[in-house]
Amino acid sequence: MLKMNDISRVYQTDLVETHALRGLTLDVSDGEFVAVTGPSGSGKTTFLNIAGLLEVPTSGEYVLDGQVVSQLNDRDRSHIRNQKIGFIFQSFNLIPDLNLFDNVDVPLRYRRMPRGERKSRIESALSRVGLQSRMKHLPSQLSGGQQQRVAIARALAGEPRFLLADEPTGNLDSLMARQVMDILEEINGQGTTVVMVTHDAELARRAHRTICLLDGQVTDLNPFGGQPNDGRVAVGA
Amino acid sequence: MFRPILSAMSRNKTGATLVAMQIAIALAVIVNALFIVQQRNALIQRDTGMAVDEIIAVRSFGFAENYDQQGAVDDDLLMLRNMPGVVSADYSRSIPLSGSGSATSFRPDTSEDSESAQANYYFTTPDIVQTLGIELAAGRSFRPDEMIRVTDPDNPDYPKVAIATRAFLADLFPDATEYVGKTFYSGQNGVEVVGVIEQMHGSWVTWDELNNVVLMPLIDAGPVSGYLIRTEQGAAERLLPEVEEALGASNRTRLINFAQTMKDIADRSYSRDRGMIVALSIVIALLVIVTALGIVGLAAFNVRARTKQIGTRRAVGATRGDILQYFFAENWLLTTGGIVVGVVLTYVLNYYLATLYSLSRLDNLYVPVGIFIMWGLGFLAVLGPARRASLISPAVATRTV
Amino acid sequence: MFGYNLRLAVASLKRSPVLSALTVGLIALGVGMSMVTLTIYSAMSGDPIPAKSDVLFAVQVDSWDPRTPWDDDPSVAPPQLTYIDAMNLRDLPGPVRRAAMFKGVYTIIPDSPELKPDLVGARMTDGDFFDMFNVPFIYGGRWSADIDDTAERVVVLTRRINEKFFGGANSVGETLQLGTERFRVAGVIDDWEPTPTFYDLNNGYFDDTQDVFMPFSMLQFGSLSRGGNTNCWGQEDTSKWEDFLNSNCLWIQFWVEFDRARDRDAYLRELDAYTVAQKELGRMPRPLNNHVMNVREWLAHHEVVGEDNTVLVGLSFLFLAVCLFNAVGILLARFMGKSTTIGVRRALGASRGAIFRQHIVEVGLIGAAGGVLGLALSALGLFAVRKLQHGYEHLVNLDAGLIASAIGIAVVSSIVAGLYPTWRVCQLPPATYLKAQ
């Protein structure tokens with residue numbers, strides 16, 4: 001599903017050159033649930049941005065779903081983000097002016113989907129996270145956990161092949177965090193590849209596999225001893 | 001002190017540049033506009049030499065076959081002088097400041113080659129000095145026995161005496177010190193100066209020779225005639241309709257086709273200049289408001305964007321005064337930057353206006369005035385945001401927003 | 001997608017109503033101000049007779065004082081002719097039509113004793129006047145060419161006079177007492193207000209047209225009351241009408257019409273030949289200085305567009321620039337404030353183009369609102385100008401073209417103002433603003 005080969009990313013300012021990723025190589029299979037961990041400054045965010053096609057690597061090759069995406073232009077990258085990738089952010093990043101329905105609608109709009117299909121997808125995505133009754137509410141009227149569920153619904157509505165979660169429970173209390181993780185696992189169980197960036201070892205354990213970053217490189221494939229569940233990988237793949 | 005401010009400003013370079021540009025253009029426009037306004041004001045404020053506020057002017061047109069101009073003038077003047085509120089009344093074929101009148105070249109002798117001087121001339125009656133409120137610097141007004149009455153338009157007599165403005169007489173007799181008793185000529189007609197008018201405006205306010213005026217004792221054959229009526233103080237506006245009605249009713253062989261206060265006539269003659277003053281004043285006022293808004297907007301934006309930074313400064317010991325000072329200094333730098341460019345623009349604009357149009361070169365006094373306006377404006381505009389910045393609590397430093 | 005962007009734009013404008021109103025207001029002010037000055041300017045510089053402005057010509061013959069030129073610039077000839085020259089030029093070959101004219105003053109004395117006499121401005125001219133200047137008739141028409149010699153007492157009335165004295169009925173053939181004589185009505189013209197009144201610029205450029213039109217040739221048969229300007233030189237006694245007619249006084253306007261614009265050159269040669277011939281009679285003492293100007297040249301020569309108006313147009317556009325700089329600042333702050341939202345949209349698949357389109361729609365909406373409001377402001381401003389400024393009563397009217405240009409100026413200026421902030425917002429890297437802050 002996701003294959004990175006010798007990916008480097010260098011940030012250049014007037015004075016310094018920062019190497020955020022140095023020859024990162026990794027492979028995530030279809031249907032896997034992978035956690036990416038590491039201390040601050042290890043390159044997690046850069047990895048996420050490159051994996052999510054929000055940034056282009058300085059060098060190296062990135063293949064997503066069988067397509068080389070490392071050198072695409074902005075338009076094509078936007079298109080792939082829109083079609084194949086779902087994002088879940090630590091701070092939810094719902095658009096405050098839009099109600100829940102319209103928030104979930106955002107990625108579908110950029111897909112130029114007909115109105116009827118958008119409507120049914122939004123409704124089913126919201127009901128999947130248990131918020132169909134609050135479609136007309138604004139994000140500010142919800143709790144953090146609810147907001148994150150809306151964000152998940154927004155990610156799901158596009159039926160992405162690949163879900164990228166960035167500290168999805170970082171801003172939530174433990175009860176809500178558990179709910180969100182349950183949903184992520186459920187989504188993964190239905191065949192969506194999930195990559196979750198986190199610094200929380202507890203959370204990482206719920207993934208099939210953990211990749212640990214240090215100084216922009218993969219250091220240890222399995223620091224927390226998590227094992228991929230082969231049975232689950234097969235489901236819906 | 002300025003270095004950190006400059007580096008902070010460079011963070012929002014575009015915003016600062018935009019506001020500086022507004023200040024620059026506003027300065028250039030305001031200075032030039034103020035200059036034009038002052039010039040026009042000076043034009044309007046010129047001394048007309050007349051009691052403009054207390055004069056009513058009327059024009060009549062005799063249309064009937066049996067219209068008798070001389071009789072009509074006598075009757076009308078008698079009636080007007082007896083009206084309550086009227087101080088005096090005179091015949092005058094044309095009306096000063098009205099944009100309509102007669103002018104000709106007079107000469108100091110009868111030759112065709114001598115240096116002539118142009119003047120507005122008015123045929124009028126002896127009380128005119130009192131009616132217009134003009135001041136005689138020397139001599140007297142003409143006497144009733146010097147009046148010429150034209151009954152046969154084909155064979156008119158020319159007046160033998162005149163009173164004239166000092167400006168005109170100085171033009172015509174550059175070497176003389178005494179004008180009373182001098183004689184000037186219109187063609188072969190000699191006219192003796194019996195009185196010198198200190199100052200009086202003629203008919204065309206845009207004419208170079210506006211101050212050259214000659215008054216002569218004559219009532220012409222018509223059918224056009226006019227009256228100038230001096231009223232008691234503050235009564236002109238009120239008497240105007242009464243005068244118009246009385247004249248209209250008293251004689252059915254002519255029409256009163258014009259009746260206005262001299263004040264309105266003068267206003268109308270200067271209406272272009274007044275219009276320019278109003279238009280430019282609006283431009284200046286709006287520019288001041290818009291530019292102030294720009295400064296306020298930028299400062300408010302900066303305060304908001306730097307809330308945390310300000311809190312931190314406060315936390316490490318900056319006083320409210322320090323924060324205020326910081327924003328004043330930043331704003332002063334910005335305003336002054338705009339002003340520097342603006343002064344250049346001001347002169348460019350003035351050069352352009354002076355070259356392409358007849359605007360004169362900018363009086364240098366206006367530039368410092370403009371600069372102080374801009375500095376003041378900048379200071380006032382930043383007061384609010386700076387005060388708000390100074391009220392930011394040091395506690396925000398520890399809060400994650 | 002446009003509908004979606006429009007909805008987003010409206011929502012965004014509603015989110016910060018004060019800033020939105022301020023931006024719209026700034027654009028409206030700038031547009032309103034420049035539209036007022038531009039409308040006045042364009043009305044002044046407008047072509048009063050576009051269909052014929054290149055074949056109608058004002059004729060100038062310099063017959064002025066040999067000792068001093070007419071103007072400080074000696075190549076400038078007086079704008080009017082002597083009676084002698086006007087009469088001679090009426091017979092000069094070349095033009096397909098020609099009209100001598102001057103301003104007269106008459107009293108209309110109504111037959112009904114209930115109506116009051118009315119002092120009216122008269123244009124004393126030749127019958128060709130109406131054809132040359134495309135004067136529209138309601139009833140009747142021009143008088144025939146032979147009346148230009150016989151001076152039969154005929155009159156052409158304006159709609160206003162016809163309504164006043166004939167109740168608006170077809171009065172052709174009726175008679176009317178003007179001064180001491182009776183005149184037969186030859187025609188009634190419809191409203192006709194060329195701005196500027198190019199055919200006679202001597203007493204203001206935007207005056208009312210005259211109320212009645214009568215044959216120029218009447219002046220041969222006796223003294224007439226004249227309005228307008230008269231300029232004389234030398235020492236002539238002009239008290240008698242006869243002497244006045246034969247004097248050096250300038251007081252008659254003279255216009256010709258050619259089939260083709262280029263016939264002007266031949267006519268100018270004829271005119272010079274005429275002047276040379278007159279010199280042999282002891283007239284025309286000045287050097288040859290004749291001019292034949294078409295309508296546009298004539299208006300430019302008179303500097304009909306006052307300097308003040310040109311200056312105001314320039315200053316008002318500088319004002320517009322200040323407003324736009326201000327609006328750019330506001331839009332920029334506002335768009336940059338939405339960085340996170342834009343980052344989210346980018347992450348969810350919006351391309352740079354999509355973000356650009358979304359914001360340009362928002363900017364366009366502000367521009368359209370600013371344009372409409374600006375138009376209202378300029379209508380208000382023009383209303384005030386018409387009411388307060390003497391001589392502008394006929395001048396300033398918003399027409400379709402001006403309305404279109406107001407909206408155009410507003411939308412173009414707001415797009416220009418919005419382009420930079422929009423471009424900046426598209427350059428935001430999508431990832432930067434997504435992390436928790």
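# Exercises on a predicted model

In chain C, strands S1 and S10 (residues 291-294) run antiparallel and are joined by 4 bridges. The model you are looking at is predicted, and the exercises below start from this strand pair.

**Exercise 1. Find which strands pair with S1(C), and in which sense.**

Step 1. Begin with S10(C), whose 4 bridges to S1(C) go with an antiparallel run. To see one of them, look for C:Phe57: its bridge partner in S10(C) is C:Asn294.

Step 2. Now turn to strand S9 (residues 253-257) of chain C, which pairs with S1(C) over 3 bridges, again in the antiparallel sense. Here C:Ala58 stands opposite C:Trp255.

**Exercise 2. Decide whether the faces of S1(C) are covered or open.**

Step 1. Count along the strand, residues 56-60: 5 of its 5 residues are buried.

Step 2. Sort these residues by face. C:Leu56, C:Ala58 and C:Gln60 lie on one side, and C:Phe57 and C:Val59 lie on the other. Such a split fits a general pattern: in a regular strand, side chains alternate between the two faces of the sheet.

Step 3. Conclude that both faces of S1(C) are covered.

**Exercise 3. Work out where the buried residues of helix H6 (residues 159-166) of chain C sit around its axis.**

Step 1. Pick out the buried residues, which are C:Ile161, C:Asn162 and C:Phe165.

Step 2. Look down the axis. These residues cover an arc of only 100 degrees, so they fall on the same side of H6(C).

Step 3. Ask what lies over them. The cover includes several strands of chain C, among them S2, S3 (118-125), S5 (154-158) and S7 (181-189).

Step 4. Follow the chain past the end of the helix. Next comes C:Gly167, with a positive phi near 60 degrees.

**Exercise 4. Compare chain C with a compact globule of 437 residues.**

Step 1. Take the expected radius of gyration, near 22 Å for such a globule, and set it beside the 30 Å of chain C.

Step 2. Check the outline: along the principal axes, the C-alpha atoms of chain C fill a box of roughly 100 × 55 × 35 Å.

Step 3. Add what the chain is built from, namely 13 helices and 10 strands. Of its 437 residues, 47% are buried.

**Exercise 5. Describe how the chains meet.**

Step 1. Find the pairs. There are 2 pairs of chains that touch, and chains B and C share the most contacts. Chains A and B do not touch, as their nearest C-alpha atoms are 12 Å apart.

Step 2. Look at the B and C pair: 35 residues of chain C are in contact with 41 residues of chain B. On the chain C side, helix H2 (17-45), strand S2 (97-109) and helix H10 (307-336) each supply at least two residues. H10(C) gives the most, with 19 residues.

Step 3. Sort that side of chain C by class: 19 nonpolar, 13 polar and 3 charged residues.

**Exercise 6. Name the edge strands of the open sheet in chain A.**

Step 1. Write down the order of its 4 strands, S2-S1-S4-S5, with antiparallel pairing.

Step 2. Go to the ends of that order. S2 (17-28) and S5 (67-68) of chain A stand at the edges with a single partner strand each, so one side of each has no neighbour in the sheet.

Step 3. Finish in the middle, where S1 (residues 2-12) and S4 (residues 59-64) of chain A pair over 5 bridges. There A:Lys3 stands opposite A:Val63.

Key
Residues numbered from 1 in each chain as written. Chains lettered and ligands numbered in written order. Predicted model: local features only at pLDDT ≥ 70, side-chain atom pairs only at ≥ 80, totals over all residues. Contact = placed C-beta atoms within 7 Å. Nonpolar A, V, L, I, M, F, W, Y, C, P; charged D, E, K, R; others polar. Buried ≥ 20, exposed ≤ 12 C-beta atoms within 10 Å, placed from the backbone. Arc of directions from axis to C-beta. Rg over C-alpha atoms; globule rule 2.2 N^0.38 Å. Pairing = 2+ DSSP bridges.
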